[in-house]
Amino acid sequence: MNFLPANSESLHIATHKLNSNCLLCGCTALERFQCSGMPVYECATCRHQFAIPTEADTHVSETYGDDYFFGVGAGYENYLEEGDLLVARGEKYASLLAEHTEPGSVLDVGSAAGFLLRGMVKAGWHGMGVEPNLQLSTYARDVLHVESTCSTFENFHSDSTFDSVSMIQVISHFIDPVRSIAKAAELLRPQGLLLIETWDRSSWTARLLGQHWHEYSPPSVLHWFTKARLTTLLCDNGFEIVASGRPRRWIQIGHAKSLVRYKYGPYAAAALCWLPISLKVPYFGDDLRWILARKITE
């Protein structure tokens, strides 16, 4: 099903360009529209949507450098100011995991400054994070005193396996999510749990906004999953779904301003100018989802 508005002039539906193959199933993918100068493709078979960075080798370093966390664009004005919110989210997700297994070791993928991992540690877990940004990985070790390895997940190596792997707001940023899910399976012990939080393209919010949905923000976001497609991806790679739901999330106005400015322009962001950047507000959209899956293959 196509959730994009058919009457939008910027959607090149009438002139599909056969420029790529689906990064999940390998079938023909069609260009649907342009966003931030990048084509957004949709698979003609599985309907997954994705974008392809022009420079894959330097994509992570150029996209997730310090400017992403302490600048403008689709990232954050100051990522560290959201620390308390992120620690609380880590504690909540640790409680979710504890409903299905005893607290043990966890690998937090894309751990940034380590706040989520710190919350999990407070809740009785132990483990480490993997984060490609050197400044944030160092902050996690030196300030939060959690173990953090500065590396991309693709290049990460460990002699240990883990009871759980968490990917909170990460999977949509991978160039190759199939490879990343397979690697998570390799790093999990038998019956280990994989926790994913990501945005849901099949939600009412995403369908209503179409190509103007805030998550269409390449090159930082490269994949737009539906719940069904993410479920299939997990099941095809040796997992069974244990539970899923929508998290209750709080956001900081500073982050919201940065995203609105990037996506909708300075005039739209000006509507938030009277709110202090440190103000924390609940997120009411239905387009955020978590999925918990258990490894069932050796």
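The secondary structure of the protein chain comprises 10 helices and 14 strands. The model is predicted. With the whole chain displayed, note that 53% of its 298 residues count as buried. Among contacts with a separation of 6 or more, 68% are made by residues 24 or more positions apart.

**First stop: the seven-stranded sheet**

Select β7, β6, β5, β8, β9, β14 and β11, in that order. These strands form an open sheet of seven strands with mixed pairing. At its edges stand β7 and β11 (239-245), and each has a single partner strand, so one side of each is left without a neighbour in the sheet. On average, neighbouring strands of this sheet are turned by 20° against each other, direction ignored.

Within this sheet, select β8 together with β9, residues 188-199. The two strands run parallel and are joined by six bridges. A useful residue pair to label here is Ile 168 and Glu 197, the latter in β9, which stand opposite each other.

**Second stop: helix α4 on the sheet**

Add residues 115-122, which form helix α4. This helix lies across β5, β6, β7 and β8, and runs at about 165° to β5. Which residues of α4 are buried? Colouring by accessibility should pick out Phe 115, Leu 116, Leu 117, Gly 119 and Met 120. To see what surrounds these buried residues, display the elements against which they pack: the helices α3 (83-98) and α5 (134-142), and the strands β5 (105-109), β6 (126-131), β7 (147-150) and β8 (162-168).

Continue past the end of α4 to Gly 124, which follows the helix and has a positive phi, near 110°.

**Third stop: the contact of α3 with α4**

Keep α4 in view and bring α3 forward. Two packed helices are described by the angle between their axes and the distance between the axes. For α3 and α4, the packing angle is about 45° and the axes are 7 Å apart. The two helices are therefore oblique to each other. Their crossing, in which α3 passes α4, is right-handed.

To examine the contact itself, show side chains on both helices. On the α3 side, select Gly 83, Leu 86, Val 87, Arg 89, Gly 90, Glu 91, Tyr 93 and Ala 94; these meet Phe 115, Leu 116, Arg 118, Gly 119, Met 120 and Lys 122 of α4. By character, the residues of this contact divide into seven nonpolar, three polar and four charged.

**Fourth stop: the five-stranded sheet**

Next select β1, β2, β3, β4 and β10, which in this order form an open sheet of five strands with antiparallel pairing. The edge strands, β1 (20-21) and β10 (223-224), each pair on one side only.

Inside this sheet, isolate β2 (residues 28-35) and β3 (residues 38-43), which run antiparallel and are joined by six bridges. Label Ala 29 and Cys 43: the latter, in β3, is the bridge partner of the former.

Cys 35 is also found in β2. Is Cys 35 buried or exposed? With a relative accessible area of 6%, Cys 35 is buried, because the limit for that class is under 20%. Adding Gln 211 to the selection shows a pair 176 residues apart along the chain, whose C-alpha atoms are separated by 8.1 Å.

**Final stop: backbone details**

Most residues other than glycine have a negative phi, and most peptide bonds are trans. The remaining selections depart from these patterns.

Centre the view on Pro 218 and Pro 219, which are joined by a cis peptide bond with omega of about 10°. The loop that holds Pro 219 lies between α7 (204-209) and β10.

Move then to Gln 169, in the loop between β8 and α6 (177-187). Phi of Gln 169 is positive, near 60°. The relative accessible area of Gln 169 is 19%, which places this residue in the buried class.

Finish at Gln 191, which lies in strand β9. Here too phi is positive, near 70°. Where Gln 169 is buried, Gln 191 is partly exposed, with a relative accessible area of 44%.

Conventions. Residues are numbered from 1 along each chain as its sequence is written. This is a predicted model: local features need pLDDT of at least 70, side-chain atom pairs count only at pLDDT 80 or more; totals for chains, interfaces and linings use all residues. Side-chain values use heavy atoms; hydrogens and water are left out. Buried means under 20% relative accessible area, exposed over 50%, partly exposed in between (1.4 Å probe, protein chains only). Helices (H or I, at least four residues) and strands (E, at least two) are DSSP runs, numbered from the N terminus. Contact means heavy atoms within 4.5 Å. Two strands pair if DSSP finds at least two bridges between them. Axes are lines fitted to C-alpha atoms, for helices over the stretch in contact, and angles run from 0 to 180 degrees between N-to-C directions. Angles under 35 degrees count as roughly parallel, over 145 as roughly antiparallel, 65 to 115 as roughly perpendicular and the rest as oblique. A crossing is left-handed if the near helix is turned anticlockwise from the far one by less than a right angle, and right-handed if clockwise. Ala, Val, Leu, Ile, Met, Phe, Trp, Tyr, Cys and Pro count as nonpolar, Asp, Glu, Lys and Arg as charged, and the others, Gly among them, as polar.
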